[in-house]
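Me: Can we go through the chain contacts in this one? I'd like to start with the salt bridges.

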Amino acid sequence: MILKQRKLLTIVSEVTIENRLLKDLERLGAKGYTVSAAHGKGPRDQRTGDLEGGNIRIETVVSNEVLEQILEVLEQNYFPHYACTTWVSQVEVVRDERY
Amino acid sequence: MILKQRKLLTIVSEVTIENRLLKDLERLGAKGYTVSAAHGKGPRDQRTGDLEGGNIRIETVVSNEVLEQILEVLEQNYFPHYACTTWVSQVEVVRDERY
Amino acid sequence: MILKQRKLLTIVSEVTIENRLLKDLERLGAKGYTVSAAHGKGPRDQRTGDLEGGNIRIETVVSNEVLEQILEVLEQNYFPHYACTTWVSQVEVVRDERY
């Protein structure tokens with residue numbers, strides 16, 4: 001089976017900005033996303049997700065170009081203002097037209 | 001510490017097919033799996049997980065051979081019929097006899 | 001955008017040991033973590049998460065050195081006693097001072 005290379009972007013952030021974040025992801029070219037509930041602790045000792053309805057963990061599989069756009073918007077509009085943890089993995093997908 | 005190479009397969013799909021999917025994974029050689037609740041949106045603009053009890057996000061760590069078998073069954077029996085998003089990552093495990 | 005290499009460690013285990021595990025992760029150098037609820041099945045056919053409040057799925061992004069420390073403690077203190085599944089992925093992060 002032929003697999004295609006894509007990037008998996010995982011964003012953990014405050015549930016209060018879920019809708020705004022998802023709209024930005026779609027606007028920047030993400031064709032789909034998966035959201036699950038989470039709680040956690042960040043590097044500045046902020047314990048998140050205990051109050052305010054918890055955290056969200058968003059995953060989206062995207063091309064390199066879309067990833068770059070999303071990371072720039074995160075860096076400009078989200079990282080300075082919100083508890084937001086992000087990491088990128090190399091993944092393979094079967095149906096590349098979907099991502 | 002010596003780590004062994006395996007594949008992590010993540011499947012996001014409709015909760016209604018959870019049991020069928022998990023049975024197929026086990027039948028095809030997956031020795032374990034992790035399931036968590038999710039919601040999301042797919043590339044054909046289908047918003048999933050809002051109705052019908054949401055989505056599931058299944059993770060299973062498998063060998064290359066088992067992965068290939070599972071992907072073939074997904075492609076034949078699931079992708080044409082269900083909202084189903086899948087990606088594969090390279091991972092390392094400590095205790096290779098478990099996967 | 002310059003991305004830095006880190007390791008993503010995922011641990012799936014019993015919810016009863018969540019606090020102990022998180023304390024160990026922080027003591028060993030993890031600067032943050034994300035926890036979500038899960039259920040699943042392990043290689044010894046133990047069905048976990050159905051009783052006792054379910055499983056937890058912990059993710060932490062760490063350096064190679066911190067990863068090595070955590071894996072040693074897991075191997076000594078957790079793997080022999082608890083249903084515990086662990087895998088490691090290579091990931092990239094934007095803000096390396098956070099991990």
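**Contacts between the chains**

Reply: Between chain A and chain B the count is two salt bridges. Bear in mind that this is a predicted model.

Me: Which side chains meet in a salt bridge there, at 3.1 Å?

Reply: One of them pairs B:Lys41 with A:Glu26, at 3.1 Å from N to O.

Me: And how many residue pairs are in polar contact across the interface of chain A and chain B?

Reply: Six residue pairs, with both residues at pLDDT 80 or more. On the side of chain A that touches chain B, helix H1 (18-27) and strands E2 (33-41), E4 (55-62) and E5 (84-93) of chain A each supply at least two residues. By class, that side of chain A has ten nonpolar, four polar and eight charged residues.

Me: What is the area buried between chain A and chain B?

Reply: About 2,000 Å², with carbon and sulfur atoms giving 49% of it. In residues, 22 of chain A are in contact with 23 of chain B.

Me: How do E2(A) and strand E2 of chain B run, parallel or antiparallel?

Reply: Antiparallel, with three bridges joining E2(A) to residues 33-41 of chain B. Within E2(B), B:His39 is the bridge partner of A:Val35.

Me: Switching to chain C. How many residues does the contact take from each chain?

Reply: 23 residues from chain A and 22 residues from chain C. The buried area between chain A and chain C is about 2,000 Å², and carbon and sulfur atoms give 50% of that.

Me: Which side chain of chain C does A:Arg57 meet in a salt bridge?

Reply: C:Glu59, at 2.6 Å from N to O. The count between chain A and chain C is two salt bridges, along with six residue pairs in polar contact, both residues at pLDDT 80 or more.

Me: Which elements of chain A give two or more residues to the side that touches chain C?

Reply: Strand E1 (4-14), E2, helix H2 (64-78) and E5 of chain A. E5(A) gives the largest share, six residues. That side of chain A divides into nine nonpolar, six polar and eight charged residues.

Me: What about E2 with chain C?

Reply: Three bridges join E2(A) to strand E2 (residues 33-41) of chain C, and the two run antiparallel. In E2(C), C:Thr34 stands opposite A:Gly40.

Me: Last topic, symmetry. What turn lays chain A on chain B?

Reply: A turn of 120°, with a shift of 0.0 Å along the axis and an RMSD of 0.0 Å. That is the relation of a three-fold axis. The copies use different surfaces, as 5% of the contact residues of chain A recur in chain B.

Conventions
Residues are numbered from 1 along each chain as its sequence is written. Chains are lettered from A and ligands numbered from 1 in the order in which they are written. This is a predicted model: local features need pLDDT of at least 70, side-chain atom pairs count only at pLDDT 80 or more; totals for chains, interfaces and linings use all residues. Side-chain values use heavy atoms; hydrogens and water are left out. Copies are superposed by least squares on the C-alpha atoms of residues with pLDDT of at least 70 in both. Contact means heavy atoms within 4.5 Å. Buried area is the accessible area (1.4 Å probe) that two parts lose on being put together, summed over both. A salt bridge is a side-chain nitrogen of Lys or Arg within 4 Å of a carboxyl oxygen of Asp or Glu. A polar contact is a pair of N or O atoms within 3.5 Å; within protein, one must be able to donate a hydrogen and the other to accept it, and residues adjacent in sequence count only if both atoms are side-chain atoms. Helices (H or I, at least four residues) and strands (E, at least two) are DSSP runs, numbered from the N terminus. Ala, Val, Leu, Ile, Met, Phe, Trp, Tyr, Cys and Pro count as nonpolar, Asp, Glu, Lys and Arg as charged, and the others, Gly among them, as polar. Two strands pair if DSSP finds at least two bridges between them.
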